[in-house]
Amino acid sequence: MKYVDTNILLRFIIDDNKELADIAENILKSDECHLLPEVIPEIIYVLRSVYKYRREDIAQAIQRLLPLVVIKEQLLTNLALTYFAQFNLDYVDCILLARNKLYGREVATFDKELEQKLATVPSVSLY
């Protein structure tokens, strides 16, 4: 088991350096790799600010990589990424929204956009 950092995941996603992308792919496919949920916001930041990826493309890229890694609360992460692609919310707000919709957890916020989504987005059934 090993943890993978942002740089490995970015080389895999972006594939802008064939040698590093191949090494990253070998790492991801050769061992049980764990992804800390805290790494995802860093990936999002780099893809948006440096590479100018669209929200939808970021969500798709990370969702394609999730089957290659072990991550806590994969269902929650997938739903948060789906919300990130659909709504103009920060990723952390998407996690809060996903927790609310999956588990019924109450969210206290002053963020009007998040409040509106909490009130209007339907809950997700786990069954």
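**Figure 1. The buried residues of helix α5 pack against α3 (39–49), α4 (55–65) and α6 (91–103).** Welcome to the core of this predicted model, in which local features need pLDDT of at least 70, side-chain atom pairs count only at pLDDT 80 or more, and totals for chains, interfaces and linings use all residues. Residues are numbered from 1 along each chain as its sequence is written, and side-chain values use heavy atoms, with hydrogens and water left out. Buried here means under 20% relative accessible area, exposed means over 50%, and partly exposed is in between (1.4 Å probe, protein chains only). Packing is judged by contact, that is, heavy atoms within 4.5 Å. Helices (H or I, at least four residues) and strands (E, at least two) are DSSP runs, numbered from the N terminus. In α5, the buried residues are Leu 76, Thr 77, Leu 79, Ala 80, Leu 81, Tyr 83, Phe 84 and Ala 85. The helix itself covers residues 74–86, 13 residues in total, and reaches 18 Å from its first C-alpha to its last, close to the 18 Å expected at 1.5 Å a residue; the expected span is 1.5 Å times one less than the number of residues.

**Figure 2. Lys 117 is a buried lysine in helix α7 (residues 112–120).** Its relative accessible area is 13%. Which residues does Lys 117 touch, not counting residues up to four places away in sequence? They are Phe 87, Leu 89, Leu 97 and Lys 101. For the wider charge picture, the chain has 15 positive and 19 negative side chains, and the centres of the two sets lie 4 Å apart. In that tally Lys and Arg count as positive and Asp and Glu as negative, while His and the chain ends are not counted. Each charge is placed at NZ of Lys, CZ of Arg, CG of Asp or CD of Glu.

**Figure 3. Asp 15 and Lys 52 each have a positive phi.** Most residues other than glycine have a negative phi. For Asp 15, phi is about 55 degrees, and this residue lies in the loop between α1 (6–14) and α2 (18–30). Asp 15 is partly exposed, at 42% relative accessibility. Lys 52 has a phi near 60 degrees and belongs to the loop between α3 and α4. With a relative accessible area of 61%, Lys 52 is exposed.

**Figure 4. Tyr 51, in the loop between α3 and α4, touches Ile 14.** Other residues that Tyr 51 touches are Arg 11, Asp 16 and Val 46, leaving aside residues up to four places away in sequence. Tyr 51 and Ile 14 are 37 residues apart in sequence, and their C-alpha atoms are 8.8 Å apart in space. Tyr 51 is partly exposed, with a relative accessible area of 32%. A second pair to look for is Pro 41 and Ile 14, 27 residues apart along the chain, with C-alpha atoms separated by 16 Å. Pro 41 sits in helix α3 and is partly exposed, at 33% relative accessible area.

**Figure 5. The chain as a whole has 7 helices and 2 strands.** Along the sequence, these follow the pattern β-α-α-β-α-α-α-α-α. Buried residues make up 40% of the 127 residues. The C-alpha atoms fill a box of roughly 45 × 30 × 20 Å, taken along the principal axes.
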